[in-house]
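Student: I have the sequence and the model open. Can we go through them by question and answer?

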Amino acid sequence: MIQIEGISKAFGGLQAVDSVQFTVERGGITGLIGPNGAGKTTLFSILAGFLTADQGRVLLDGDDVTGLPPHKLFHRGLVRTFQIPKEFSRMSVRENLMIVPPAQSGERLSMSWLRWGKVKREDRRIGEKVDEVLDFLNLTHVADELAGNLSGGQKKLLELGRTMMIDAKVVLLDEPGAGVNRTLLNNIRDAIRRLNRDRGYTFCLIEHDMDLIAQLCDPVVVMAQGQVIAQGTMDEVRADPLVQDAYLGGGVSGRGVSAITEADVARTRGAGGPGEEAGDGTDNGTDNGEEEWRP
Ligand SMILES: Nc1ncnc2c1ncn2[C@@H]1O[C@H](COP(=O)(O)OP(=O)(O)OP(=O)(O)O)[C@@H](O)[C@H]1O
């Protein structure tokens, strides 16, 4: 479980995240939504250790993990996707998975000379795990393909696979549906569901695709202008006038509970802005070595 307690972050005079407080419950799929510039990405960056909060605390299973760098959080099972570093595009899908497990004996020269048998056993164990992950995500047919040749959706599945290699506890998903075709989106949705239901993964996901949020998430937390303005089921937040105003600038009076449509969201997204992520491993405002960090 992640408890977010009074997290704030300003960029110069802009209060990007303002005293945000909510809990991501263990075993759940929490949706984080809000119009462009609401502060979602900034909050994710703080939770995953890529940005330092000005104020507030983050507790992971009761432990204060505020300010821990990404690799420490990663090894505690808190992982943020989907940020495939560019260099990995020149490695095969299988290799991308092979390199994830921490502290592989095979990487240490002394170990490989002195304990050849142990190294081989570990390689075999990792190989079996990779096969299982590829099968789980329907990626076996592209196992030997360079990661850079995958489609956007397949890359996102691969990122999920990397979290599976370390048996992540909590996964922060950055727009898993962005730029993904329908078929692969269904695969991604099913993989998230199965990881949650069958393997106990806890997810928190930022997403602009309201259908995907409605299908997967309960609760849904809504941010606007740096603050949490609503939380509850998708139906509850949809019906909330504050939420409708936040998305549509107050222009939805009388449109009822289903006011937030995909078209509305697409319209709000069109505004763009500096908070928009490149999706290629870069992030704005990184102050904790994100570009250097590799899981
Ligand atoms: N590094 C930065 N420097 C200055 N301002 C920033 C920086 N990163 C984000 N911001 C600003 O902080 C605010 C929140 O941005 P953020 O990217 O967190 O919003 P968001 O809810 O993720 O938006 P989107 O849905 O468009 O990705 C925005 O006004 C954005 O312009």
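Student: Which hand does the crossing of helix 6 and helix 7 have?
Tutor: This is a predicted model. In it, helix 6 covers residues 152–165 and helix 7 covers residues 182–199. Their crossing is left-handed.

Student: Is helix 6 roughly parallel or roughly antiparallel to helix 7?
Tutor: The two axes lie 9 Å apart, and the packing angle is about 15°. Angles under 35 degrees count as roughly parallel. So helix 6 and helix 7 are roughly parallel.

Student: Of the residues in the contact of helix 6 with helix 7, how many are nonpolar, polar and charged?
Tutor: Helix 6 brings Gly153, Gln154, Lys156, Leu157 and Leu160. Helix 7 brings Leu184, Leu185, Asn187, Ile188 and Ala191. Gly counts as polar here. The split is six nonpolar, three polar and one charged.

Student: Is Val133 buried or exposed?
Tutor: Val133 sits in helix 5, residues 116–136. It has 22 other C-beta atoms within 10 Å. The cut-off for burial is 20 or more. Val133 is therefore buried.

Student: Which residues is Val133 in contact with, leaving aside neighbours within four places in sequence?
Tutor: Start with a residue that lies far along the chain. Val243 is 110 residues away from Val133 in sequence, and their C-alpha atoms are 38 Å apart. The contacts of Val133 beyond four places are Leu97, Gly161, Met164 and Met165.

Student: How many of the residues of helix 1 are buried?
Tutor: Helix 1 runs over residues 40–47 and is mostly covered. Lys40, Thr41, Thr42 and Ser45 are on the buried list, along with Leu43, Phe44, Ile46 and Leu47. The count is eight of eight.

Student: Which residue with a positive phi follows helix 1?
Tutor: Its phi is near 85°. The residue is Gly49.

Student: What is the phi of Ser19?
Tutor: Most residues other than glycine have a negative phi. Ser19 is not a glycine, yet its phi is positive. Ser19 belongs to strand 2, residues 14–24. Its phi is about 50°.

Student: Is Ser19 buried or partly exposed?
Tutor: Leaving out residues up to four places away in sequence, Ser19 touches Gly6, Ser8 and Gln227. It has 14 other C-beta atoms within 10 Å. Burial needs 20 or more, and exposed means 12 or fewer. So Ser19 is partly exposed.

Student: How far apart are the C-alpha atoms of Ser19 and Met1?
Tutor: Along the chain, the two residues are 18 residues apart. In space, their C-alpha atoms are separated by 19 Å.

Student: Where does Asn138 lie?
Tutor: Asn138 also has a positive phi, near 55°, and it is not a glycine. With 14 C-beta neighbours inside 10 Å, it counts as partly exposed. Asn138 lies in the loop between helix 5 and helix 6.

Student: Which peptide bond is cis, with omega near 10°?
Tutor: Most peptide bonds are trans. Look at Pro219, in the loop between helix 8 and strand 9. The cis bond runs from Asp218 to Pro219.

Student: What separates the C-alpha atoms of Asp211 and Met234?
Tutor: Asp211 is in helix 8, residues 210–216. It is partly exposed, with 15 other C-beta atoms within 10 Å. Met234 is 23 residues from Asp211 along the chain. Their C-alpha separation is 9.9 Å.

Student: What share of the contacts with a separation of 6 or more joins residues 24 or more positions apart?
Tutor: The chain has eleven helices and ten strands. Of its 295 residues, 40% are buried. Residues 24 or more positions apart account for 66% of those contacts.

Student: Over which residues does pLDDT stay under 50?
Tutor: The chain averages a pLDDT of 80, and 76% of the residues score at least 70. One low stretch has twelve contacts beyond four places in sequence. Another has 49 such contacts. The stretches are residues 103–111 and residues 267–295.

Student: What ipTM does the predictor give the complex?
Tutor: The predictor reports two scores for the complex. The pTM is 0.79, and the ipTM is 0.98.

How values were computed. Residues are numbered from 1 along each chain as its sequence is written. This is a predicted model: local features need pLDDT of at least 70, side-chain atom pairs count only at pLDDT 80 or more; totals for chains, interfaces and linings use all residues. Axes are lines fitted to C-alpha atoms, for helices over the stretch in contact, and angles run from 0 to 180 degrees between N-to-C directions. Helices (H or I, at least four residues) and strands (E, at least two) are DSSP runs, numbered from the N terminus. Angles under 35 degrees count as roughly parallel, over 145 as roughly antiparallel, 65 to 115 as roughly perpendicular and the rest as oblique. A crossing is left-handed if the near helix is turned anticlockwise from the far one by less than a right angle, and right-handed if clockwise. Two residues are in contact if their C-beta atoms, placed from the backbone, lie within 7 Å. pLDDT is the predictor's confidence in each residue, from 0 to 100.
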